Amino acid sequence: MTVTVDEVGRFGELVATGLGLRMSDRPVNVLSTVLRSRAEQRGTSTGGYLDWLAAGPEEGELGWLARSLTVPETYFFRDPAQLRAFVDLTSRVRGPRILSAGCASGEEPYSLAMLLRDRGVEDFSILGVDINADLIARARQGRYSAWALRATPPETRQRWFRADGVQNIL
């Protein structure tokens, strides 16, 4: 099944409308692969799939697209200088309310929570959101692999995690 450049462009527009994700930074081959794959799975042509998508598909389809088009690469204490700067700012605010958008499986908001608590800040809230519901479900479990902890200093692991990778800050 061949996917045209126009179909990829239309697909990107439909994803932006349905999910709020701008696909202009994604390689064309990624979008065409997802489009072709989904059309084949649904037993239709790419044009037929795009028409169906434009007509307003069921909610599950948008979830499938979100899982297929987002990159869930994350880990604890990624971009440490940025985290420290953020904590420096928020630790000066009384009762900060923080939104962590695109939080994937929760490593960034949990990293912020650990850093704030290490600074003695107890009165704060962090809301982690992501378009991928499967990743949010994983974040709620608070279970992480050694790979997610690869940049976590040993003393931080001992303080905030059980040996089996379960996060203790919940």
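Glu108 is buried, at 17% relative accessible area. In this predicted model, its partner is Arg78, and the two form a salt bridge with the closest N and O atoms 3.3 Å apart. That pair links distant parts of the chain: Glu108 belongs to helix α6 (residues 107-118), while Arg78 is in the loop between α4 and α5 (80-90), 30 residues apart. Arg78 is partly exposed, at 28%.

Now for Glu61, another buried acid, with a relative accessible area of 1%. Glu61 pairs with Arg42 in a salt bridge, N to O at 3.9 Å for the closest atoms. Here too distant parts of the chain are linked, with Glu61 in helix α4 (residues 59-69) and Arg42 in the loop between α2 (28-41) and α3, 19 residues apart. Arg42 comes out partly exposed, at 35%. There's a bit extra here: Arg38 joins Arg42 and Glu61 in a network of salt bridges.

Then there's Asp51 with Arg10, whose side chains meet in a salt bridge at 2.9 Å, N to O. Asp51 sits in helix α3 (residues 46-54) and Arg10 in helix α1 (residues 5-19), so this pair ties together parts 41 residues apart in sequence. Asp51 is partly exposed at 46% relative accessibility, and Arg10 is partly exposed at 31%.

Here are the three pairs side by side:

| Pair | N to O distance |
|---|---|
| Asp51 and Arg10 | 2.9 Å |
| Arg78 and Glu108 | 3.3 Å |
| Glu61 and Arg42 | 3.9 Å |

With a cut-off of 4 Å between a side-chain nitrogen of Lys or Arg and a carboxyl oxygen of Asp or Glu, the count comes to eight salt bridges.

Conventions. Residues numbered from 1 in each chain as written. Predicted model: local features only at pLDDT ≥ 70, side-chain atom pairs only at ≥ 80, totals over all residues. Heavy atoms only, no water. Helix = DSSP H or I, 4+ residues; strand = E, 2+ residues; numbered from the N terminus. Buried < 20%, exposed > 50% of the residue type's maximum accessible area, 1.4 Å probe, protein only.
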